[in-house]
Structure formats: structure tokens, C-alpha cells
Amino acid sequence: EITTVDIGVRKNPGILISGHDLRDLEMLLEQTAGTGVDVYTHSEMLPAHYYPAFKKYPHFAGNYGNAWWKQKEEFEKFNGPILMTTNCVVPPADSYKDRLWTTGATGFLGVHVLKELIESTGPDTTIWCLLRSKGEITPQRRLREMLVYYFEKDYRKLLGTRIQAVEGDITKPESLDALKDIDMVFNCAANVKHFSKGTDIEDINYGGVKNLVAFCERRGAYLVHVSTESVGGLTPGKVPATLTEQTLFFGQLTDNQYVHSKFLAERHILEHMVEGKLKAKILRAGNLSPRAQDGEFQVNMNANASMGRLKAFKMLGACPYGLLEESLEFTPIDEAAHAMVLLSGTPLENCVFNVSNDHLIPMEDILSRLRIIDGRPLEYVEMPAFQKLMKKANADPLKARILAPLVAYEQSAAEKEGVETKSSTTFTMQILHRLGFRWDHTSSMYLDMIFEMLRTMQYFD
């Protein structure tokens, strides 16, 4: 109902809550009732004031602050605890990070694939979602929060009917037994870190896939596995090879743990397909980027390798001249999920696809937009000068963390004398055209939207 909301603050102690989870808000109001502590909403939680059920709480004091991307400056000024539910959390500043808690978790590709599967299948189709609990947060709640965060349409009403959330972990094969009457497995699970001191990358990306292959073979289920075009690794020498849908190994270098684990997973799947034991498809994703529809991006942007490399260039204030000759594709997550679900329904003979936007953007167009962050353009330098800048920055532990996505590729290429392999989408596009799909052109407006979002979220700070 129409409601007047106070935007000031009272004299009592207060707690700030943001996100979309009204159940979290209700529990917070119940637990603070009669304590003398006021509760304020921030950003996306503002509409909670419209609900009559919350008006019975006299300590539901009002709204504090503005848009979600102003968190850093507004949270710093709020002198109390801050509870994030399903909201997009901007990396917190030191001044308030000890007052910030998070509840719930969100996926990116997986939840968009789920949405496409819901929309493209009939009411008799049940979609089972394998998720791990997060402390006391159940798989059902995690999935509900993902759906609320990413989509305006209310898919929550399908939970428990068409959508079944199940506790499980692909690294634990016994947990897969909870999945009943499965015809198809759509695997979007992955550890996207590029290096680790442990085996966590291989455990999920390779070991987990081996478990899924065994499960599908036992149940006679069809496996759709999301891989990455990064399996092309680095081509030895100075001339890049091309990763097509008909190739996997052509002598490329796969020293990167992430790339190697995804390579091994693809090889394992293909070997079992050749033996006639497994029905499967491999969908190699490109550079997954914000939604074409509205620019919504993944909550944890630090998990995106391409964005990480841009952040490293910005920190250094420079990039090598050679980079200007390259190009980059942006594959909007909503279009990628739609293409993947379409391709999953093609004949089994078509088993490997490179799913990336075929509209490439010159790197100079991308790098030039970094100037909107603080008005300072990048300096273009020769490779020896750039390597000196990297070496100096890498001696600083904080800067070394930002450099990690860039160092991974630069070191591998330098040590093994290789160049990044190119990917071809020719075969995939022939199929997608026949399915009535085409990638939208990557417009200047779309790029501007991405960089404005990164700027307002202080991603490069």
C-alpha cells in the first residue's frame, strides 16, 4: 500500500538491512522488538515499508541512504551493524567491514540456465537443483534468494513443485543418489580460480565431472557440461592456433590449473562418449558478461578473469602496445544461457559447441574506457617496460593479488614462449542460426554501461 517512509535517523541504536529477503527482515524485527534498537532499510529493501505486516513494528524506523552502488560511502557513515541479505555486496571498506554480515548466496550462469529451462519446458517437467548448504542456510533458501535477486518474475512459487532444491555436492558421489528420475544433467558447477595451493580446483572441475559421468552412465541420463573456451590454453610459438568445435588437444600449453582441470574434464567426457557409454554435450563458454537486457552482473565480480585483467591494467596505469592488436568478446549471460539451452536440444551427433559472441571488440575500444574511472588514460608502453612495471607491482602483496589474473597468462606465455589460442564459433553459429538465434551486436552503449557500473561500484579502487 502507499506509504510515507522517513528518511532520517533517530537517536536510538540502529541496524541497517539491505537486499530482498523479507523473511530475514521479519526475523530481524522480531529479534530486536522491545530492545530499543531501530531497524532501517537500504536500497532494494525500501519496498518492505509498503507491506502492512511490517507496520506493526514501531522500531521499523525508515530508510537510510540511496542506491545499492553507494554502499561504500553510505555504510561508512552509518554507525551500526549492517545486514546484507540477497543484495549485491560491493567490496567493503576497512572502515565498516567488521560491521557487515551476509546471508544467502547467488549464482550467475546456473541461475540463468535454470530460468531458460523453466521457460522452455512444460509444466510436467521437474528441474532438480543440486546445491550445498551454507552454514544454516538450506539449499532451498539459497535457490530462492538467487531467483529473487536476479529476476523480477516470481519463480519462487515453483519451488517444491517444478523446481526441487536438493542438498548435494558433485565432489561427493554419494550425494548424487538423492536425484531421482533424472533424464538430463546440466552441469554449471565450476571452481573458476586459476591457481590454488591445494586441489580444490581439480576436485570440482575434474573430479566432480568424473562423478557426474559415472552417475549419468548408471542412470542412462544425458549430460550437458559447461566448459570454457579457455581449454585452448596457449599456443607454442608466436602464431596462435584456433580452437574449433572439432578439436581439443593440438599441443597447447595448459599449465594454468583452471584451464588444465577443464581440459581434463572435457577429455574424460569425450573418452566415455567414444566408448559408447555416455550421451553428452560440451558447451564451451566465452567471456560471460553482464546481461544484455539490463546490465545485471554477477555478485562476485572478482571471479571474472577478464574483468580482473582490466583491473590489473588500470592499477599499473599501462598496457603493452601489442595488446592493442587484439580483440575481446563480451557474451551477455542471458543470451549465453538461452543459446546453451537451445544447443542442448540438438542431435547427439553435434556434441561440442563454442558458445561465445561472434561480435569482437578491439581492445583499444575497451581500454580507452578505463579513463572514465578517474579521467586518466592508460599509457601504452613496449613489453620490456611493461614487464618492469609488473615486476615492481608484484613485490607489493596487495598489488600482487590484483595482478594475479594477468600474471597467470603473462608468466605462462613468457616461460613457454606461447600466445593465447583463438576460438572459432563458425560451426556453433551455423547451428544457432538454424535455431533462430543470433547474438546482439555489442554496442558502444553496452560497453559504456559496463564501465559505468564498474566505476559506480568502485571496482577499480
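Axes here are lines fitted to C-alpha atoms, for helices over the stretch in contact, and angles between N-to-C directions run from 0 to 180 degrees. The model on screen is predicted.

**Stop 1: α3 against α8**

Select residues 109-120, helix α3, and residues 333-344, helix α8. Their axes lie 9 Å apart and the packing angle is about 50°. That makes α3 oblique to α8, since the value falls outside the 65 to 115 degrees that count as roughly perpendicular. The crossing of α3 and α8 is right-handed.

Now show side chains. On the α3 side, pick Leu 109, His 112, Val 113, Glu 116, Leu 117 and Ser 120. On the α8 side, pick Ile 333, Asp 334, Ala 337, His 338, Met 340 and Val 341. Colour the contact of α3 with α8 by class: 7 residues are nonpolar, 3 polar and 2 charged.

**Stop 2: α3 against α4**

Keep α3 and add α4, residues 139-150. How do the axes of α3 and α4 cross? They cross at roughly 80° and come within 10 Å. The two helices are therefore roughly perpendicular to each other.

From α3, select Val 111, His 112 and Leu 114. From α4, select Leu 143, Met 146, Leu 147 and Tyr 150. The contact of α3 with α4 has 6 nonpolar residues, 1 polar and no charged ones. Look again at His 112: this residue takes part in the contact with α4 and also in the contact with α8.

**Stop 3: a salt bridge inside α4**

Stay on α4. Select Glu 145 and Arg 141, which form a salt bridge with the closest N and O atoms 2.8 Å apart. The two residues sit 4 places apart in the helix, so about one helical turn separates them. Are these partners buried or exposed? Glu 145 is buried, at 1% relative accessible area. Arg 141 also counts as buried, at 18%, because the cut-off for buried is under 20%.

Add Asp 24 to the selection. Asp 24, Arg 141 and Glu 145 are linked in a network of salt bridges.

**Stop 4: Thr 32 in α1**

Go to helix α1, residues 22-32, and select Thr 32. Thr 32 counts as buried, at 8% relative accessibility. Beyond residues up to four places away in sequence, Thr 32 touches Ile 15, Val 37, Val 39 and His 59. For a distance check, draw a line from Thr 32 to Phe 60, C-alpha to C-alpha: it reads 9.8 Å, with the two positions 28 residues apart in sequence.

**Stop 5: salt bridges between separate parts of the chain**

How many salt bridges does a search of the whole structure find? The search finds 14.

Select Arg 132 and Asp 169, whose closest N and O atoms are 4.0 Å apart in a salt bridge. Arg 132 lies in the loop between β6 and α4, and Asp 169 in the loop between β7 and β8, so the pair ties together parts that are 37 residues apart in sequence. Arg 132 is partly exposed, at 42% relative accessibility. Asp 169 is buried, at 13%.

Next, select Glu 420 and Arg 309. Their side chains meet in a salt bridge of 3.7 Å, N to O. Glu 420 belongs to strand β20 and Arg 309 to helix α7, 111 residues apart. Glu 420 counts as partly exposed, at 37% relative accessibility.

**Stop 6: α7 against α11**

Follow α7 to its contact with helix α11, residues 383-394. The axes come within 11 Å and cross at roughly 95°. α7 and α11 are therefore roughly perpendicular to each other.

Select Phe 313, Met 315 and Leu 316 of α7, with Phe 386, Leu 389, Met 390 and Ala 393 of α11. The contact of α7 with α11 has 7 nonpolar residues, no polar and no charged ones.

**Stop 7: Pro 290**

Finish in the loop between β13 and α7, where Pro 290 lies. Pro 290 is buried, with a relative accessible area of 1%. Which residues surround it, leaving aside neighbours within four places in sequence? Pro 290 is in contact with Gly 295, Glu 296, Phe 297, Pro 332, Ile 333, Tyr 446, Ile 450 and Met 453. Ile 333 links back to the start of the tour, as one of the α8 residues that meet α3. Last, add Pro 377: its C-alpha atom is 24 Å from that of Pro 290, 87 residues apart along the chain.

Note on methods. Residues are numbered from 1 along each chain as its sequence is written. This is a predicted model: local features need pLDDT of at least 70, side-chain atom pairs count only at pLDDT 80 or more; totals for chains, interfaces and linings use all residues. Side-chain values use heavy atoms; hydrogens and water are left out. Angles under 35 degrees count as roughly parallel, over 145 as roughly antiparallel, 65 to 115 as roughly perpendicular and the rest as oblique. A crossing is left-handed if the near helix is turned anticlockwise from the far one by less than a right angle, and right-handed if clockwise. Contact means heavy atoms within 4.5 Å. Ala, Val, Leu, Ile, Met, Phe, Trp, Tyr, Cys and Pro count as nonpolar, Asp, Glu, Lys and Arg as charged, and the others, Gly among them, as polar. Buried means under 20% relative accessible area, exposed over 50%, partly exposed in between (1.4 Å probe, protein chains only).
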